[in-house]
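Reader: I would like a close look at a single part of this model. Please pick one residue, set it in its surroundings, and keep it brisk.

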Amino acid sequence: MLAYMNEEALRRTLSSGEAWFYSRSRKALWHKGETSGNIIKVVSVWKDCDSDTILILGKPAGPVCHTGNKTCFFQEITEL
């Protein structure tokens, strides 16, 4: 799953142990699994060497993608 996280989403993720994100289109925080029940329990949180990318390692409680797929990355690109 690839999603955007602002400072408040990161703060809530670290304090709750569950993944939170920020929707730039809706301009609102969202708790992963709030409506579906498919939360992501955080195992660890890492940042890259430039401190501009966050990687969350987590255990999902069901499909991660809103389509019901295990992951959001299920569509292979074969040509442009």
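Author: Helices and strands here are DSSP runs, with at least four residues for a helix and at least two for a strand. On that basis, this predicted model has 1 helix and 4 strands. Along the sequence, the order is α-β-β-β-β.

The residue to look at is Asn69. It sits in the segment after β4, the strand spanning 54-60. Its relative accessibility is 27%. Buried means under 20% and exposed means over 50%, so Asn69 counts as partly exposed.

Now its contacts. Set aside the neighbours within four places in sequence, and Asn69 touches Pro63, Val64 and Phe74. Leu10 is another matter of distance: 59 residues away in sequence, with 25 Å between the C-alpha atoms of Asn69 and Leu10.

Leu10 leads to the helix. Helix α1 covers residues 7-16. Asn6 caps its N-terminal end, with a side-chain oxygen 3.3 Å from the backbone nitrogen of Glu8. Just after α1 comes Gly17, with a positive phi of about 80°.

Step back to the whole protein. The C-alpha atoms fill a box of roughly 40 × 35 × 25 Å along the principal axes. Of the 80 residues, 20% count as buried. Take the contacts between residues at least 6 apart in sequence: 23% of them join residues at least 24 apart. The exposed surface is about 6,200 Å², and carbon and sulfur atoms supply 54% of that area. As for charge, there are 10 positive and 9 negative, and their mean positions lie 8 Å apart.

Key: Residues are numbered from 1 along each chain as its sequence is written. This is a predicted model: local features need pLDDT of at least 70, side-chain atom pairs count only at pLDDT 80 or more; totals for chains, interfaces and linings use all residues. Side-chain values use heavy atoms; hydrogens and water are left out. Buried means under 20% relative accessible area, exposed over 50%, partly exposed in between (1.4 Å probe, protein chains only). Contact means heavy atoms within 4.5 Å. A polar contact is a pair of N or O atoms within 3.5 Å; within protein, one must be able to donate a hydrogen and the other to accept it, and residues adjacent in sequence count only if both atoms are side-chain atoms. Accessible areas come from the Shrake-Rupley method with a 1.4 Å probe; for residues, only the protein chains shown count as cover. Lys and Arg count as positive and Asp and Glu as negative; His and the chain ends are not counted. The place of a charge is taken as NZ of Lys, CZ of Arg, CG of Asp or CD of Glu.
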